[in-house]
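Thanks for sending this one over. Here are a few friendly notes to read with the structure open beside you.

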Amino acid sequence: MASYGHIRDLPSSASEIPAAVKSKPWARLAVDTENGFTPVYVVPKESRPRIAELKKALKEADEVVLATDEDREGESISWHLLETLNPKVPVKRIAFHEITQSAIDEALASPREVNDDLVRAQESRRVLDRLFGYELSPVLWKKVAPKLSAGRVQSVAVRLVVEREEERRAFRASDYWSVEAALKTEGIEFSAGLVEWDGRRPATGKDFDAATGALKGDPKTQADVVHLTESNAKSLADSLKGGLPWRVARVEQKKTTQRPAPPFITSTLQQAASSLLNMSPRKTMQVAQSLYEGVDLGGGEREGVITYMRTDSLTLSEKALAEAGHYIRKNFGEDYYTGPRRYTTKSKNAQEAHEAIRPTHVDRTPEQMDQYLDGDQLALYRLIWNRTMASQMAEAVLLKTTIDFEATAAGKSVVLRANGSVVAFPGYLRVADTAQRDTELPHLEEGQEVTAQDSPSAGPKLVDITANSHRTQPPARYTEASLVQRLEEEGIGRPSTYAPTVSTIQARGYVERRGKALVPTFLAIAVIKLLRQHFEEYVDLGFTARMEDALDDISNGKLNWVDFLAAFYRGEGKYGHGLVQQIERELPGMEYPTIPLGEDPDSKLPIFVRVGRTSPFIQRGEGGPENTVTIPMDITYEELTVDKALELLKHKEKSNEALGNHPETGEPIFAFLGPYGPYVQLGEKTETNKKPKRASLPKGTSLDHVDLKLALKLLSLPRALGKHPENGELVTTAIGRFGPFVKWGDEFRSLEAGDDVYTITFERALELLAQPKKSRRATKKVIATLGDDAETGKPIEVCEGRYGPFVTNGKVNASLPKDADPAAFTLEQAKDLLANAAAKKPAKRKAKPKAKTKAKRKPKA
């Protein structure tokens with residue numbers, strides 16, 4: 001029987017706090033900070049039916065086997081089950097890393113006790129996060145905005161995203177040029193680039209300072225580098241073209257080996273799935289969970305096809321190593337196997353009890369699994385199978401060739417270089433995730449000459465030579481996968497926390513996704529500015545990593561968990577100077593955080609961003625109507641320069657002047673720039689006219705191009721077209737969230753291609769309304785589709801809702817437990833939640849008999 005995650009937790013709201021502790025000074029924390037940081041656990045409402053079922057089953061049982069995951073969270077779940085169920089029969093604790101018959105038999109044969117150190121480590125993390133969040137979040141409420149949250153790992157993740165945006169804002173681009181020759185001989189086309197001019201190498205992107213745009217280094221270092229501009233690059237290219245023949249000065253060939261990558265751990269699987277399969281970390285973990293929990297392989301029973309997917313260990317079991325070796329020798333040949341490869345996990349905190357992520361049986365190839373897995377499952381399984389096999393195969397051998405060509409241009413020596421690489425022996429590349437592209441070079445001898453294309457002499461010919469422009473690029477924004485990689489590199493978080501952390505910072509409005517890139521909001525920038533200024537050590541990468549080290553020491557029995565929490569909360573040392581004291585010291589002098597942009601060159605007044613109640617806005621000087629303007633949502637911090645801020649202020653100033661008056665009502669019409677883009681407004685907003693009529697500008701239309709004629713056209717919606725012949729109700733047309741439509745009573749029809757909302761006729765509207773209504777599925781963000789519901793026949797989906805994630809079968813909705821990871825939720829868990837929700841659903845009340853009313857007169861046609 002499944003326990004469905006944690007059955008007990010700290011209270012999530014004041015209403016859940018037990019009456020016995022409500023009067024305590026630490027009650028809001030639900031952690032007794034005065035007596036050993038003892039947590040107050042409660043059973044959430046959604047877990048109570050599950051506990052009742054478990055207790056009922058326990059009455060008939062003669063043994064309890066706890067088989068939760070073998071990590072801190074899994075150990076804690078087992079401990080909470082023991083504490084809550086209090087079984088009187090024998091109890092065994094087992095763990096396995098793959099759901100196969102042999103793995104479970106082996107686990108049952110070697111049970112153990114619940115590991116108290118692991119339980120205390122998980123409890124310490126939970127209490128630590130509660131103290132961090134519940135003490136720092138109120139600071140943000142007072143100084144930034146209400147309902148904000150600060151999290152130990154979450155805040156550091158946001159800081160990384162913010163600081164990358166700051167680097168991009170401070171970045172200064174540099175332009176430079178290169179020279180490249182296109183050559184041909186023996187039917188092979190290849191290129192050679194300039195690598196030396198008069199003893200100096202041409203500058204490339206890495207030679208420029210990102211903050212200044214100038215060449216890096218001191219004058220002596222810079223003397224070895226030549227910065228090619230457009231003029232001297234083109235002049236050099238022309239001189240080289242006229243300076244034929246060139247001479248082959250050096251030909252060098254050497255063999256190099258390329259080692260396979262180690263098998264996947266959680267972070268590397270998420271990164272590979274993102275770049276190769278376009279899967280988010282959340283989606284990757286959801287699919288991996290389904291492969292781990294099991295698929296029907298044709299016998300009616302489900303079996304796991306990969307090992308446990310939350311791991312930071314690179315270890316493969318001896319059984320897996322032997323199976324992989326046998327498969328490689330049999331299917332690829334002896335040359336492709338040089339003995340088992342054992343990888344050392346670099347992270348000192350890796351849980352070596354786990355294995356790397358691998359197939360449970362390596363002889364189940366992706367081709368064989370095609371009939372049992374859906375598209376996403378097969379794609380991820382193929383990725384895992386390929387990486388596992390590649391990690392045990394022989395190194396690839398590459399033949400690398402370098403050819404240098406010497407020439408003279410304007411009396412100065414020039415060297416151009418061609419680089420090539422071909423695979424001499426593929427080795428692990430036979431099953432690698434990405435193909436190795438060959439760059440073949442022709443066979444040339446030193447002393448050969450390069451001549452013009454029309455030259456009768458043998459040897460390489462110059463086809464063309466060009467000068468090419470380049471511009472340095474700012475550091476790339478983090479993607480979900482690269483952020484996970486950075487967190488892992490810094491030792492922040494653990495495999496089970498990566499995907500939830502990335503999801504949380506987006507759900508809480510600190511980070512937005514634009515394509516694959518993660519962009520911080522102005523809210524995030526303001527919060528991080530405040531935390532860095534007043535609580536630097538608590539959002540420091542090294543400090544957060546040391547906290548993870550401490551939790552590992554607790555799990556290994558090397559550190560007392562109470563001493564650790566006491567040092568963090570109110571003590572001194574490497575775990576902080578006492579969070580409570582730090583807040584008490586900093587809060588009185590803490591100011592509302594603003595984000596400086598620069599100075600208005602005319603007024604010399606500072607320009608900065610403030611976070612308002614509803615949206616961020618620009619303020620100049622002391623503010624006021626003429627010196628504040630809302631920032632459109634599509635503008636990022638990197639793009640918001642002083643010039644852009646002044647442009648927005650100018651637009652607002654111009655917007656205060658009416659475009660003209662409405663010819664019928666006489667009201668003034670304005671054009672404004674709001675957080676969701678530009679719009680026109682009829683009349684002024686007053687106490688008696690709190691919601692004046694507004695209409696958004698068409699996409700791509702600038703405020704500069706708005707005149708009275710366009711504004712009147714936009715404000716003409718909704719348009720009344722006429723009265724319907726059936727009942728005399730008005731037929732109108734307008735633009736809604738799904739696009740332009742016509743409306744008659746409760747009937748809506750979308751306009752079709754060729755229809756114009758501003759010119760559509762009454763007759764055409766009646767024609768559309770006469771068509772059958774097309775069903776439109778309610779728009780919701782689907783996180784995962786788990787399978788079909790036997791009762792409704794509709795898919796069971798995990799969705800992101802307004803009040804959090806939920807599951808639905810098209811008939812019943814049920815919220816996920818607070819500690820559940822939506823990406824890891826299974827079909828069985830969903831069915832159980834939906835069944836409980838359906839049982840609780842109140843029966844429909846009988847409708848009261850309607851009072852008799854006077855019949856309405858049927859309208860005349």
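1. Let's begin with the pairing of E26 and E27. Strand E27 covers residues 730–736, and 4 bridges join it to E26 in an antiparallel arrangement. If you would like a spot to look at, find Gly 722, which stands opposite Val 731 in E27. Please keep in mind throughout that this is a predicted model.

2. Those two strands belong to an open sheet of 4 strands, ordered E26-E27-E28-E29, with antiparallel pairing. Which strands stand at the edges? They are E26 (719–723) and E29 (747–750); each has a single partner strand, so one side of each is left without a neighbour in the sheet. From one strand to the next, the twist averages 25 degrees.

3. There is another open sheet worth a visit, made of 4 strands in the order E18-E19-E20-E21, and its pairing is antiparallel. Here the edge positions belong to E18 (595–599) and E21 (628–630), and because each has a single partner strand, one side of each lacks a neighbour in the sheet. The twist in this sheet averages 20 degrees from one strand to the next. Strand E20 (residues 616–620) pairs with E21 over 3 bridges in the antiparallel sense, and Phe 617 stands opposite Thr 630 in E21.

4. Now for a helix. Does the length of H7 agree or disagree with what its residue count should give? Helix H7 (residues 230–242) has 13 residues, which at 1.5 Å a residue should span 18 Å; the end C-alpha atoms are 19 Å apart, so the two values agree.

5. Staying with H7, its buried residues are Ala 233, Leu 236, Ala 237 and Leu 240. These buried residues cover an arc of only 100 degrees around the axis, which means that they sit on the same side of H7. On the face turned away from that buried side you will find the exposed residues Ser 231, Asp 238 and Gly 242.

6. On to the rings: a search of the whole structure finds 15 aromatic pairs. One of them is formed by Tyr 336 and Phe 425, a tilted pair with 4.8 Å centre to centre and 45 degrees between the planes. Tyr 336 lies in the loop between helix H10 (318–331) and helix H11 (366–369), while Phe 425 is in strand E13 (residues 412–425), so this pair ties together parts that are 89 residues apart in sequence.

7. Is Tyr 336 buried or exposed? Its relative accessibility is 10%, so Tyr 336 counts as buried, the cut-off for buried being under 20%. Tyr 336 and Phe 425 are also members of one aromatic cluster, together with Tyr 327, Phe 332 and Trp 385.

8. Two arginines deserve a look as well. Arg 130 lies over the face of Tyr 134, at 4.0 Å from the ring centre. Arg 120 lies over the face of Trp 561, and there the distance from the ring centre is 5.8 Å.

9. Finally, a residue in a loop. Where is Glu 791 found? Glu 791 is in the loop between strand E30 (781–788) and strand E31 (795–801). With a relative accessible area of 62%, Glu 791 is exposed. Along the chain, Glu 791 and Asp 198 are 593 residues apart, and their C-alpha atoms are separated by 80 Å.

Methods
Residues are numbered from 1 along each chain as its sequence is written. This is a predicted model: local features need pLDDT of at least 70, side-chain atom pairs count only at pLDDT 80 or more; totals for chains, interfaces and linings use all residues. Side-chain values use heavy atoms; hydrogens and water are left out. Rings of Phe, Tyr and Trp (its six-membered ring) pair if their centres lie within 6.5 Å; planes under 30 degrees apart count as stacked, over 60 as edge-to-face and the rest as tilted. Buried means under 20% relative accessible area, exposed over 50%, partly exposed in between (1.4 Å probe, protein chains only). A charge sits over a ring if NZ of Lys or CZ of Arg is within 6 Å of the ring centre and within 35 degrees of the ring normal. Two strands pair if DSSP finds at least two bridges between them. Axes are lines fitted to C-alpha atoms, for helices over the stretch in contact, and angles run from 0 to 180 degrees between N-to-C directions. The expected span of a helix is 1.5 Å times one less than its number of residues. The arc is that of the directions from the helix axis to the C-beta atoms.
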